[in-house]
Amino acid sequence: MLLLFSYLKKSVGGLAIVFLALLFLENAGSAEASGKAKLYVAKSGIAIGETIQSKIQNPPKELKGSFTFTSSNAKVAVVNKTGKITGKGLGSATITARNGKGKLKAVIQVKPDVKKIALSQKPGVIYVNDTFKIDARVTMNPANSKPPKLTYESTDMEFVSVDQKGTVTGLKEGRANIVVKAGAKSVILPVQASSKIEKFDVRAEKSVISPGEQTSLQTIIKMKKAEFSPANIEYEISPANVLSIDDDGTITGLQEGTATIMAIAEDKQKQLTVKVSDYLWTANTRPGISIWNVTWSDDAKLFAYGQSVYDAKTGRVIRTFEGAVDFHGNGLWETEANGKITQYTNQFKRIKTLDTEMNIELFSIDKYERRYTPDGKWLALANGYDKQLINLHTGELELQYKKISQNSWDSSSWDGGDTFLTMSHDGNKVAISANLFPNRNHIHLFDTFKNTTEEYLPVINLRGIDFSKDDRYLVVLSGEGSDSKIEFINLGTSMVDHAIDAQDSQINDFTLSSDGKMIGVSKENGSVEIYKTDSMVLIKHLNTQYNKQQIKLEREPKPALNVSFSPDGKSLLVLYKNDSIQPGSTPHDTILWNVSTLQNQMKE
């Protein structure tokens, strides 16, 4: 029986491949499997000019002994006396091993082979999104043979890709090898992909915006070469319902939540997050139950409350002092009970300490205890029964403010109880309240540098006073519960021109924006309302989720106490009542609300 044993195609030294078929004698099979005789050749084929040593394996007794080898076609392959076969040309030949008792045969076929693949390109750099086509030339053996089809493969498709036409594309900075194959022959072309972008950065002008508010993306792109066109930027937003981005990089808040923005410029990516919320941050400052003074640094980066200074970006305490602290002008002032007044820079470097040699009382309600003249040279102080003006250059007492008795029950001395003191924004007037008897007050107006009353205004149950930003009005908070109200008293006519009524809940505090166009009002039910001062139209209502839930459950909400606009009017600091014993047992008691969108409404 005649059997055919074939081998896979394989490159040998770049020469033509010989395909070998073994012809066995009848009943000859695999020598390894059955132990029968075969003419064995170590390789699957030989090329023109190549030699292969043949070998007789498992010869039967009748074939043992010396063999002679012959080729049926010496133009294709020759064989010597030891069985070494040499390829000579294309075609096929039968190799026969004989002795006096039998023979073994093998059929050899010789086909063209790839001798060499030459590339015109040298290892180099390709820029991302650029392409080039590989120029490959195949040398065959024999030379006039038709070459096989070229194939192309990239060792790392993340950085460099190649199609089957030989077109190479830079995808991302990194290195890959392009493998070019023809038949069993292959060559490698190393390629380094490089970005056209030298620097890429994207930042949001504001990381927190409120629904409906807009902010801009600040983009920096620097190309490696001047001739490179600026890269286009695409944006991916997740989740997409929180905010939107238009073509010029303007972000618009859609609804509360936090979105991740992926900015993509060719192979460069930058990720950032933007929060859409009505508040910028929440914190626990434990304000207790009182209305304390809140002041801001000129750059709005810090605020002072009670005896501590806070980071306005996070609400974290930066430093706590022995006395009460106020920002004014370019510095920070500390007033201690021992009569010492110290001035610091905003970086807490001490400038000077004044010893007034007075015992200064720090009231539990001290929002209206201290006011500074705009030039920072004088301090008006409600110090128990004494209402004083202190020289901040020398620390000396400049004068005592004395009221004029209006009735038989109104003495010329000040009551040491809940006294309210404020100063006009030009620094020329001081307003001080006097208690006549429970729930009845007189507000006395002074020239700042004179110690006698110029005029007075009667008020029932006074709870807060301030001058309007143009100093035309005295803004007065009075009354309790649903009877509480804020009145704008015209200092030219002593008449009330505007008013805000409590309606459903007691008003606890108020604050005026730095431009005087808005007034923020805090209430006992935890809500905060913002009005236009020229028309008293409500333009914003704020309340926490906790308080909303408490109201729905018919439970007591956390009252809103202090309110204070930031110097730029874009945020509103609100401190809520926190009478819990354990920190963290109630919701955050301090919130910096984002009210920047109101500035657009003020322009309408």
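**Side-chain packing and pairing in the predicted model**

Of the 28 residues that make up the largest nonpolar core, Ile-443, Ile-465, Leu-474, Val-476, Ile-486, Phe-488 and Ile-519 touch the most other members. At least two residues of this core come from each of strand S41 (440-447), strand S42 (453-460), strand S43 (462-467), strand S44 (473-478), strand S45 (485-490), S47 and S48. The greatest contribution is that of S44, which gives 5 residues. The structure described here is a predicted model. Within it, Val-476 is in contact with Ile-443, Val-459, Leu-462, Gly-464, Ile-465, Lys-485, Ile-486, Glu-487 and Ile-489, when residues up to four places away in sequence are not counted. A second core, separate from this one, comprises 21 residues, among them Leu-39, Ile-52, Ala-97 and Val-110. In soluble globular proteins, nonpolar side chains tend to be buried together.

Charged side chains were examined next. The model contains 14 salt bridges. In one of them, the side chains of Glu-173 and Lys-224 meet with an N to O distance of 3.3 Å. This pair links distant parts of the chain, 51 residues apart: Glu-173 belongs to the loop between strand S15 (167-170) and strand S16 (174-182), whereas Lys-224 belongs to the loop between strand S20 (214-223) and strand S21 (234-238). Glu-173 is partly exposed, with a relative accessible area of 34%, and Lys-224 is likewise partly exposed, with a relative accessible area of 34%.

A further salt bridge joins Lys-523 to Asp-504, and the closest N and O atoms of this pair are 3.4 Å apart. Here too, distant parts of the chain are linked: Lys-523 is in strand S48 (residues 518-523), and Asp-504 is in the loop between strand S46 (496-501) and strand S47 (507-512), 19 residues apart. The two partners contrast in their accessibility. Lys-523 has a relative accessibility of 0% and therefore counts as buried, while Asp-504 is exposed, with a relative accessible area of 60%. Lys-523 also forms a salt bridge with Glu-529, in which the closest N and O atoms are 3.2 Å apart. In this pair, both Glu-529 and Lys-523 are buried. Elsewhere, salt bridges with shared partners join Glu-173, Lys-224 and Lys-268 into one network.

Aromatic side chains form 13 pairs in the model. One of these, between Tyr-279 and Trp-593, is edge-to-face, with 6.1 Å from centre to centre and 90 degrees between the planes. The pair links distant parts of the chain, with Tyr-279 in strand S26 (residues 279-283) and Trp-593 in strand S53 (residues 590-594), 314 residues apart. Tyr-279 has a relative accessibility of 28% and so counts as partly exposed, whereas Trp-593 is buried, with a relative accessible area of 3%. In addition, Trp-281, Trp-296, Phe-303 and Tyr-310 form one aromatic cluster.

Lysine side chains also lie over aromatic rings. Lys-196 is placed over the face of Phe-228, at 5.3 Å from the ring centre. Similarly, the charged end of Lys-367 sits over the ring of Phe-510, 5.9 Å from the centre of that ring.

Methods: Residues are numbered from 1 along each chain as its sequence is written. This is a predicted model: local features need pLDDT of at least 70, side-chain atom pairs count only at pLDDT 80 or more; totals for chains, interfaces and linings use all residues. Side-chain values use heavy atoms; hydrogens and water are left out. A salt bridge is a side-chain nitrogen of Lys or Arg within 4 Å of a carboxyl oxygen of Asp or Glu. Helices (H or I, at least four residues) and strands (E, at least two) are DSSP runs, numbered from the N terminus. Buried means under 20% relative accessible area, exposed over 50%, partly exposed in between (1.4 Å probe, protein chains only). A nonpolar core is a set of buried Ala, Val, Leu, Ile, Met, Phe, Trp, Tyr and Cys residues joined through side-chain atoms within 4.5 Å. Contact means heavy atoms within 4.5 Å. Rings of Phe, Tyr and Trp (its six-membered ring) pair if their centres lie within 6.5 Å; planes under 30 degrees apart count as stacked, over 60 as edge-to-face and the rest as tilted. A charge sits over a ring if NZ of Lys or CZ of Arg is within 6 Å of the ring centre and within 35 degrees of the ring normal.
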